[in-house]
Amino acid sequence: MIILYSKFTFVSLYTILSTNVETQRKSETKVNEIELIDYVKSNIKTILKPISIVQIEFVQIAYDEYNFELDLIAEVTINNKKKVRLLFVTKSEGQPRYARRVSIQLKNLINQNKNCYGVFAAPYISDESKQICKDNNVGFIDLAGNYLFAFDTVYLNREGKPNPYPRNRSVKTIFSPKSTRILRVLLCNPKKEWYVRDLAKEADISIGQTSNVKQKLLDFEYVEEKLVGRKLKLVLTKPELLLQKWSENYNLTRNQSRNF
């Protein structure tokens, strides 16, 4: 058998491989908070301008207003009468742990300042994080196009847009082959409290990797830490949710298969 290779074949193959690698790199690239602030700033007008009862007065970068770490402030007038300030906090991560922390902080800030409304912004906000925002009467907006603004007589809600960064490194870290050894140990002993060293030994992986997975599990609030004496122990808090997310990220191709 004779196989002929042309210059065009190699160029085409190189182009395809390069494109695939570049696409993967882009999908895995994290959006920093500065880029996120620019996105939110440019989209506030797009979202609010069509609403006839809302008039946008200004959208600007926050500078130590309210003695709080805000990123953006937008002021709007409703029905030509009432002024409301939208206070935005952006994070490069949208996991539940970040959503809860920001939502509680914004809720406390709003309780101390009348005619203000807090909004959490992240590259992608999961259903769990959205619910946390709703429970604290805080809005949200992400790069996928999901948002919630519910203040005064205004209610704008758009959900269901998929994650524009599906190759999220946090999820990838949790459900990688080695990391799932930790998940198996936790799920087989759902009520047991673990020191990181003991968990690493039981899962037969390094303490360093165990610590990394622990941090990601904390970010998604699948586990929590308890102070025992002077040290922290890890305990599983949402086994059903963790198992569900694992099934959604499970890949059968990782297993060996044989046909007979």
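**Exercise 1. A lysine in a helix**

Lys130 is found in helix H4. Keep in mind that this is a predicted model. Work out whether Lys130 is buried or exposed, and which residues Lys130 touches beyond its sequence neighbours.

*Solution.*

Step 1. Start with the accessible area: the relative value for Lys130 is 2%. A residue counts as buried under 20%, so Lys130 is buried.

Step 2. Now list the contacts, leaving out residues up to four places away in sequence. Lys130 touches Ile125, Phe140, Asn146, Glu159 and Gly160.

Step 3. Place the helix. Helix H4 covers residues 127-135 and packs on the sheet, where it touches S4, S5 and S6. The direction of helix H4 makes about 150° with that of S5.

**Exercise 2. Reading the sheet**

Find the order of the strands in the open sheet of seven strands, and explain why one side of S1 and of S7 is left without a neighbour.

*Solution.*

Step 1. The order is S1-S2-S3-S4-S5-S6-S7, and the pairing is mixed.

Step 2. Strand S1 (54-61) and strand S7 (154-158) stand at the edges with a single partner strand each, so one side of each has no neighbour in the sheet.

Step 3. Going from one strand to the next, the twist averages 20°.

Step 4. Look at the pairs in turn. S1 and S2 are antiparallel and share seven bridges; here Val54 stands opposite Ile78 in S2. S2 and S3 also run antiparallel, joined by seven bridges, and Glu75 has Arg85 in S3 as its bridge partner. The hairpin of S2 and S3 has three residues between the strands, and Asn79 takes a positive phi near 55° there.

Step 5. For a parallel example, turn to strand S4 (residues 116-122) and strand S5 (residues 139-142), which pair over four bridges. Val119 has Gly139 in S5 as its bridge partner.

Step 6. Add a helix to the picture. Helix H2 (residues 33-48) packs on the sheet and touches S1, strand S2 (72-78), strand S3 (82-90), S4, S5, strand S6 (147-151) and S7. Its direction makes about 165° with that of S1.

**Exercise 3. A covered strand**

Decide how many residues of S2 are buried, and which residues lie on each side of S2.

*Solution.*

Step 1. Count first: seven of the seven residues of S2 are buried, which makes the strand mostly covered.

Step 2. Recall a general rule: side chains in a regular strand alternate between the two faces of the sheet.

Step 3. Sort the residues by side. Leu72, Ala74, Val76 and Ile78 are on one side, while Ile73, Glu75 and Thr77 are on the other. These residues are all buried, and both faces of S2 are covered.

**Exercise 4. Following the salt bridges**

Trace where the salt bridges of Glu128, Lys134 and Glu225 lead, and judge how exposed each partner is where a value is at hand.

*Solution.*

Step 1. Begin with the total: the structure holds twelve salt bridges.

Step 2. Glu128 forms a salt bridge with Lys245, and their closest N and O atoms are 3.5 Å apart. This pair links distant parts of the chain, with Glu128 in helix H4 and Lys245 in helix H9 (residues 239-248), 117 residues apart. With a relative accessible area of 24%, Glu128 is partly exposed.

Step 3. Lys134 meets Glu159 in a salt bridge at 2.8 Å, N to O. Lys134 lies in helix H4 and Glu159 in the loop between S7 and helix H5 (169-174), 25 residues apart. Lys134 is partly exposed at 32% relative accessibility, and Glu159 is partly exposed at 34%. Glu159 also appears in the contact list of Lys130.

Step 4. Glu225 pairs with Lys214, with the closest N and O atoms 3.1 Å apart. Glu225 is in strand S9 (residues 223-228) and Lys214 in helix H8 (residues 207-219), so their bridge ties together parts eleven residues apart in sequence. Glu225 is partly exposed at 31%, whereas Lys214 is buried at 17%.

Step 5. Finish with a network: salt bridges link Arg100, Glu221 and Lys238.

**Exercise 5. Cysteines**

State how many disulfides the structure holds, then check whether Cys116 is buried or exposed.

*Solution.*

Step 1. The structure holds zero disulfides.

Step 2. Cys116 is buried, with a relative accessible area of 12%. Cys133 is buried with a value of 0%.

Notes. Residues are numbered from 1 along each chain as its sequence is written. This is a predicted model: local features need pLDDT of at least 70, side-chain atom pairs count only at pLDDT 80 or more; totals for chains, interfaces and linings use all residues. Side-chain values use heavy atoms; hydrogens and water are left out. Two strands pair if DSSP finds at least two bridges between them. Helices (H or I, at least four residues) and strands (E, at least two) are DSSP runs, numbered from the N terminus. Axes are lines fitted to C-alpha atoms, for helices over the stretch in contact, and angles run from 0 to 180 degrees between N-to-C directions. Contact means heavy atoms within 4.5 Å. A disulfide is a pair of cysteine sulfur atoms within 2.5 Å. Buried means under 20% relative accessible area, exposed over 50%, partly exposed in between (1.4 Å probe, protein chains only). A salt bridge is a side-chain nitrogen of Lys or Arg within 4 Å of a carboxyl oxygen of Asp or Glu.
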